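I opened this notebook to keep track of what I looked up, entry by entry. My plan was to begin with a single residue and then to work outward.

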Amino acid sequence: MPTLAVLVATDRTQRDRVNDFNWCSPGELVDIGSDCDRDRGSPDGACGCCRSFTGLDSRRATTTAEVVRRPMSFAEYVAAHHASLLRIGLPGDTARERGVEAARDMVRLAAAFPVGTVVERRGEQIVERLHVPHEEAAS
Ligand SMILES: [Zn+2]
């Protein structure tokens with residue numbers, strides 16, 4: 001069985017930032033969701049879209065994701081993205097195209113970190129989550 005390094009929702013390091021949340025199912029595969037106009041790219045905006053990943057099954061959001069190895073092929077990973085995009089109503093062709101793109105981007109991203117790394121999203125940037133002092137997070 002081939003394995004693939006992917007990003008999944010995790011509770012690890014949740015609450016290190018005061019505006020953390022994780023509404024995903026534990027271990028759920030995640031994608032990088034789209035941003036709304038309200039937060040305008042700000043990772044600490046009220047909505048939270050610019051600091052979150054989206055669960056492929058639940059379509060809910062989390063601020064923390066972890067790199068893990070999953071027993072799945074790249075084709076299966078593409079299929080998971082595709083199905084998720086179909087579920088939110090994208091037309092078939094678009095869902096397929098975006099599913100391939102998303103899977104490619106996410107695999108590349110996951111490969112940039114060692115397995116077990118917790119990552120967070122700060123707007124456009126996906127970075128390793130290091131210890132966040134609470135004073136800093138609260139300001
Ligand atoms: Zn938003």
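Entry one, a glycine. I looked up whether G92 is buried or exposed, and I found that G92 has 10 C-beta neighbours inside 10 Å, so this residue counts as exposed, given that the cut-off for exposed is 12 or fewer. I noted that the model is a predicted one, and that G92 lies in helix α2. I then took the separation between G92 and T54, which stand 38 residues apart in sequence and 20 Å apart in space, going from C-alpha to C-alpha.

Entry two, the whole chain. I listed the secondary structure of the protein and arrived at three helices and seven strands, which follow one another from the N terminus as β-β-β-β-β-α-α-β-β-α. The radius of gyration is 15 Å, close to the 14 Å that the globule rule gives for 139 residues, so the protein is as compact as a globular protein of that length. Along the principal axes, the C-alpha atoms fill a box of roughly 45 × 35 × 25 Å. I also wrote down that buried residues make up 31% of the 139 residues, and that, among contacts between residues at least 6 apart in sequence, 63% join residues at least 24 apart.

Entry three, the sheet of four strands. In which order do the four strands of this open sheet stand? I read the order as β1-β5-β6-β7, with antiparallel pairing. At the edges stand β1 and β7, the latter made of residues 125-128, and each has a single partner strand, so one side of each is left without a neighbour in the sheet. Neighbouring strands here are turned by 40° against each other on average, with direction ignored. I went on to the helix and found that α2 packs on this sheet, where it touches β1, β5 and β7, and that the direction of α2 makes about 95° with that of β1.

Entry four, the pairs inside that sheet. I counted six bridges joining β1 to β5, which run antiparallel, and I saw that A5 stands opposite R69 in β5. Between β5 and β6, the latter spanning residues 118-122, there are two bridges, again in the antiparallel sense, and A65 is placed opposite V119 in β6. As background, I reminded myself that strands of a sheet pair through backbone hydrogen bonds, either parallel or antiparallel.

Entry five, the sheet of three strands. This open sheet has the order β2-β3-β4 with antiparallel pairing, and its edge strands are β2 (30-32) and β4 (61-62), each of which pairs on one side only. Strand β3, residues 53-55, is joined to β4 by two bridges, and I looked up the bridge partner of F53 in β4, which is T62.

Entry six, the nonpolar core. Which residues touch the most other members of the largest nonpolar core? Of its 18 residues, they are V6, L7, V8, V30 and A65, and the elements that give two or more residues to this core are β1 (4-9), β5 (65-70) and α2 (92-111). I followed V30 further and, leaving aside its neighbours within four places in sequence, found V30 in contact with L7, V8, A9, C24, F53, T54, G55, L56, T62 and A65. I added one general remark, that in soluble globular proteins nonpolar side chains tend to be buried together.

Methods: Residues are numbered from 1 along each chain as its sequence is written. This is a predicted model: local features need pLDDT of at least 70, side-chain atom pairs count only at pLDDT 80 or more; totals for chains, interfaces and linings use all residues. The radius of gyration is taken over C-alpha atoms; the globule rule is 2.2 Å times the number of residues to the power 0.38. A residue is buried if 20 or more other C-beta atoms lie within 10 Å of its own, exposed if 12 or fewer, and partly exposed in between; C-beta atoms are placed from the backbone. Two residues are in contact if their C-beta atoms, placed from the backbone, lie within 7 Å. Two strands pair if DSSP finds at least two bridges between them. A nonpolar core is a set of buried Ala, Val, Leu, Ile, Met, Phe, Trp, Tyr and Cys residues joined through C-beta atoms within 7 Å. Axes are lines fitted to C-alpha atoms, for helices over the stretch in contact, and angles run from 0 to 180 degrees between N-to-C directions.
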